[in-house]
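Me: I've got a fold open here and want to talk it through. Shall we take a look together?

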Amino acid sequence: SHMVRFKNRYLLVDLNFSEGHQIGVLHPKGLEEAIKDSVLKLSGDYGLACVQRFLTVKYLNAVTQVAIVRSPREHYRGVWAAISLMRSVGSRPFSPRVLHVGGTIRSCQKSLVAVDRERLKAALQSTKSTAHRKRLVEKYSAIIKQSSL
C-alpha cells in the first residue's frame, strides 16, 4: 500500500497592517491562533476540527507583511474566507488579502518574489534619495533571496 499523501493548499496572504501599526513582534504562532479563532467564528467547532491539525503559518515576513498559510486542500476555501474576515491580530488592525493559492510552498514563493519585486519598484518610485534607494534595494534583495528558499 502506498503512503497517503496529505494534499495541502498554501495561501499567500498580504497582511496589510493599517498605517502606523507595524507588524512588530507578531510570531507565526500568534497569527496561526488568530486564523484558527476566525475559522471557529465562521465555521464552528466542526470547521475548526477539520483544519486544526494541518493549519499552520509556514512563513511570515514582518518587513513586507506577507505570510504563507498551509491548509488542508478540502478546506482551503473556508480558511480563505476566515482570513478575509479578520480585522485585527492581537490589537493591531489589518485587512488581510489572499494573493495566491498554490499546491506547493514553491509556487507561493515564486508568487512572493513577484510581489516583493512589485513593492520594491513602488517604493523606489516614491523616493528620490539615493541613500534611501540603496537601503531599499539591499533590504528587498535580502528578502527576495530569503523567499526563494
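**Helices and sheet**

Reply: H2 lies across strand S1 (8–14), S3 and S6 (contact: heavy atoms within 4.5 Å). Helices (H or I, at least four residues) and strands (E, at least two) are DSSP runs, numbered from the N terminus. With axes as lines fitted to C-alpha atoms, for helices over the stretch in contact, and angles from 0 to 180 degrees between N-to-C directions, H2 runs to S1 at about 15°.

Me: What angle does the direction of helix H3 make with that of S1?
Reply: H3 (residues 105–125) packs on the sheet and touches S1, S2, S3 and S6. Its direction makes an angle with that of S1 of about 10°.

Me: Before going on, what are the ground rules?
Reply: This is a predicted model, where local features need pLDDT of at least 70 and side-chain atom pairs 80 or more, while totals for chains, interfaces and linings use all residues. Residues count from 1 along each chain as its sequence is written, and side-chain values use heavy atoms, leaving out hydrogens and water.

Me: Which strands stand at the edges of the sheet?
Reply: Four strands make an open, antiparallel sheet in the order S2-S3-S1-S6 (pairing takes at least two DSSP bridges). Two of them have a single partner strand each, so one side of each lacks a neighbour in the sheet: S2 and S6 (97–102).

Me: Where does H1 bend?
Reply: H1 (residues 28–51) has 24 residues, yet its end C-alpha atoms are only 16 Å apart, short of the 34 Å of a straight helix (1.5 Å times one less than its number of residues). Comparing axes fitted to the seven residues ending at a position and the seven starting there, the bend is about 130°, at Ser 43.
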